[in-house]
Amino acid sequence: MKKFTVTGMTCAACSARVEKAVSAVDGVTACNVNLLTNSMGVEGTATDAAVIAAVQNAGYGAFLPSDAPDAAPKPASLDDRREQNALKRRFIASLLFLLPLMYLTMGGMAGLPLPAFSPLSLGLTQLLLSAAVMVVNQAVFIRGIQGVRHLAPNMDTLVSLGSSAAFVYSTATVYRMTAGHAAMMHDLYFESAAMILTLITLGKMLEARSKGRTTDALKGLMRLAPQTATVRRGGEDITVPVTAVRVGDLFVVRPGESIPVDGVIREGGGAVDEAALTGESIPQDKTVGDAVSAATVNRDGFLVCEATRVGEDTTHAQIIRMVSDAAATKAPIAKAADTVAGVFVPVVLAIAVITVVVWLLVGQTAGFALSRGIAVLVISCPCALGLATPVAIMVGNGAGAKHGILFKTATALEITGRVKTVVMDKTGTLTEGHPALTDCVPTEGISEDELLGIAYALERQSEHPLAHAVVDAAEAKGLSAQPVTDFEAVAGHGLSANLNDSRICGGNATFVRELAVIDTVWEKRAATLASEGKTPLYFAKDGQLLGILAVADPLREDSTRAVQEMHKMGLHTVMLTGDTARTAHAVAAAAGVDEVIAEVLPDEKEAVVRRLQENGRVAMVGDGINDAPALTRADVGIAVGAGTDIAIDAADVVLMHNRLSDAVGAIKLSRATLRIIRQNLFWAFLYNTIGIPLAAGVFIPLFGWELNPMFGAAAMSLSSFCVVSNALRLNRFRLPRVGDGVTVHIQGMMCHHCEAHVREALENLSGVTVLTVSHESGTATITGDIDETAVKAAVQAAGYKVKKIQQ
């Protein structure tokens, strides 16, 4: 998808017009225009020149971001601030002329003293003040006239027509007053003409301020990227712009500095805060050979890294691009609003004309009929309809990115919340993805360390994943490996070797039974372990059975809790795996999964997902190459961040962190976004459905309800602001996490020494584990057996104050 910046759009009718014009260009297969970000995404073979020409012929401007007058990187909020400041100046200038105008027209009714002007002088003064307001807001008239000239009337057309009608009618009345009709003073509507423009400007100012906040998360991501890097060249450390870093360069990162590009640590080590990318609050320990990502922060330690991805290829840049591209797409739920917005302005113009004609036909004065027509023009708001969906999508995408959940398209953000079934791969999704030692069962007279030590000596010679699990467990206990000779490996069965003067062996029952006696008691123990989804490994020495080690791929820490949350949300859970049925059912029982489909080949997973779709929308969560077809077939494919590039490319949603609970968070965020969109659309349709008949005077014969055009303008100016403000509530979304601990908000920490004092004080508390301490955020994260009174006392004894303790 190629992205363009579009200028001149002010409402949903504008974006609908641009989208229609570009979609008609030969070679364009898809076009999505985003009013919120003034951007357009175009797919197809059409040339850039043809697309830009189509936009210009529709009465607007377009250019590629790289062709902007200043294409250099700059804060994303700069244009927002400029727009807000311009609208603020326009509103203040309008107010300076509007206030005396309102005093002259309304002051008498409030009992305030008025200047001793003749009626004609008073009318001329109102005319001049109203004209001044119209000059200040001339941009509204310019855009409105341009819309009519290109046969694409927009919201500015409605406002300028309403204001102009009131001004022209009042001006004609002033001329009639020169003929001695002083009583016509009450037929002047100059204050309505000026008030309409001022209120519209106020609404636009509030809307611009709120719209600026909808992209706060994206702006925050962009600000995280450092502008310079310290590169080691010729034995010297020099500071260069981050754009000058090339793949293969060595760069230095000191404590407290942000990592400029993606790389691999070549020297040193430290704790790296990856919260910006993954949402993980706990810094990750990194050492030589570990990968680091741009925009993450080195909390302690000195790192020398080799650049592996720079510029637009870094993980950070890809996240920004993914969030931005998602905002350029359109959710299916927005189609109805877009259809209405496309014909909204012409329909409103027709209603306004009909309103004036009908009131004149029933015998009302021209002033009354005109007032009703003006009210219809200024209360109608296509913007609320046009903004209802994109603002929620933008804020929802930003909230997801802040928590390490990336939706590739607006459709993905919408559909994720509509799924009925969640299909999960077993290995690497429900489980850790690598085997670990779970049980050590020695025979009588053999200690656990002796059994594990012999297994260690044998298995360290093998590259099999199960061997790695045994080796890791032995090394974790600090055991030393004894040297072996005459090592032999029988693929798929087991290992044997000479240890000192003995022959040792290990493997499955068939292999070990050839070299040692295995009685039925141990066969039953092995069967019990196997029924729990574990792989039993027998070990023997000189024909004597030493015991059994059981290895399994353990469940992720949050898998059971995540599945429980899915059940609470009414979701049907399915585990889809190529593993044996016995192992699959054991894992599923531990996790609480509803349905198990085991012994499925990679190319069969896609067919299983297709079958499950007969009962409703399906989300597939996976991480491997073998999951890619199923991820593509599912209504929503969700890839965990540590998965393969193929799985991530095939998915619609990417979880930056390896947590199944983040899949739950993605579904909850999608549902929250859908709820906001429905509320916004309901408000927008209800507002116009009730507001337009009210303005036209439909309720006057029934209830005597009559709407002054000024109040209509106020309602219209606030409608878009309400829609945007409602969407901003998504910024309060908090991702459900498992085991995140308790956050202690501490006052008085100023530096790393303060952090050390607080950490020491908290670590001295019995049963408390300190996860993080940060003077920058003024918080400490702890877990364990927490006594709030003891925590407060410990922090106070260290010289600081606890403001609050948050679960």
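Two strands pair if DSSP finds at least two bridges between them, and strands (E, at least two residues) are, like helices (H or I, at least four residues), DSSP runs numbered from the N terminus. The structure to which these terms apply here is a predicted model, in which local features need pLDDT of at least 70 and side-chain atom pairs count only at pLDDT 80 or more, while totals for chains, interfaces and linings use all residues. Residues are numbered from 1 along each chain as its sequence is written, and side-chain values use heavy atoms, with hydrogens and water left out.

**The whole chain**

Begin with the full protein chain, which contains 29 helices and 30 strands. Of its 807 residues, 52% count as buried, where buried means under 20% relative accessible area, exposed over 50%, and partly exposed in between (1.4 Å probe, protein chains only). Contact means heavy atoms within 4.5 Å, and among contacts between residues at least 6 apart in sequence, 67% join residues at least 24 apart.

**Strand S2**

Select strand S2 (residues 28-34), where Val33 has its place. Val33 counts as buried because its relative accessibility is 5%. Add Val22, which is 11 residues away from Val33 along the chain, and the two C-alpha atoms are found 9.7 Å apart.

**Helices H6 and H7**

Next come the aromatic residues, of which the structure holds 3 pairs. Rings of Phe, Tyr and Trp (its six-membered ring) pair if their centres lie within 6.5 Å, and planes under 30 degrees apart count as stacked, over 60 as edge-to-face and the rest as tilted. Show Phe167 and Phe190, whose ring centres are 5.6 Å apart and whose planes stand at 70 degrees, so this pair is edge-to-face. Because Phe167 belongs to helix H6 (residues 155-177) and Phe190 to helix H7 (residues 190-214), the pair ties together parts that are 23 residues apart in sequence. Both Phe167 and Phe190 are buried.

**Strands S5, S7 and S13**

Move on to strand S7 (residues 250-253), which runs antiparallel to strand S5 (residues 228-233) and is joined to S5 by 3 bridges. Within S7, Phe251 stands opposite Val231. S7 also runs antiparallel to strand S13 (residues 303-309), to which 4 bridges join it, and here Val252 has Val304 of S13 as its bridge partner.

**Trp359, Phe368 and Arg372**

Which residue has its charged end over the ring of Phe368? Arg372 does, at 5.1 Å from the ring centre; a charge sits over a ring if NZ of Lys or CZ of Arg is within 6 Å of the ring centre and within 35 degrees of the ring normal. Phe368 is buried, as is Trp359.

**The sheet of 7 strands**

An open sheet of 7 strands follows, with mixed pairing and the order S14-S26-S25-S24-S15-S22-S23. Its edge strands, each pairing on one side only, are S14 (405-407) and S23 (595-597), and the twist averages 20 degrees from one strand to the next. Select S15 (residues 421-425) and S24 (residues 618-622), which run parallel and are joined by 4 bridges; Met424 has Val621 in S24 as its bridge partner.

**Helix H16**

Now turn to helix H16 (residues 448-459), whose expected span is 1.5 Å times one less than its number of residues. For its 12 residues this gives 16 Å, which agrees with the 16 Å between its end C-alpha atoms. H16 is mostly covered, with 9 of its 12 residues buried, among them Leu451, Tyr456 and Glu459.

**The sheet of 6 strands**

The last stop is an open sheet of 6 strands with antiparallel pairing, in the order S16-S21-S20-S19-S18-S17. S16 (436-442) and S17 (485-490) are the edge strands, each of which pairs on one side only, and the twist averages 15 degrees from one strand to the next. S17 pairs with S18 (residues 494-499) in the antiparallel sense over 4 bridges, and Ala489 stands opposite Leu495 in S18. Helix H17 (residues 465-476) packs on this sheet, touching S16, S20 (535-541) and S21 (544-552), and its direction makes about 100 degrees with that of S21. Helix H19 (residues 520-531) also packs on the sheet and touches S16, S20 and S21, with its direction at about 5 degrees to that of S21. Axes here are lines fitted to C-alpha atoms, for helices over the stretch in contact, and angles run from 0 to 180 degrees between N-to-C directions. Finally, select Arg525, which lies over the face of Trp522 at 4.4 Å from the ring centre.
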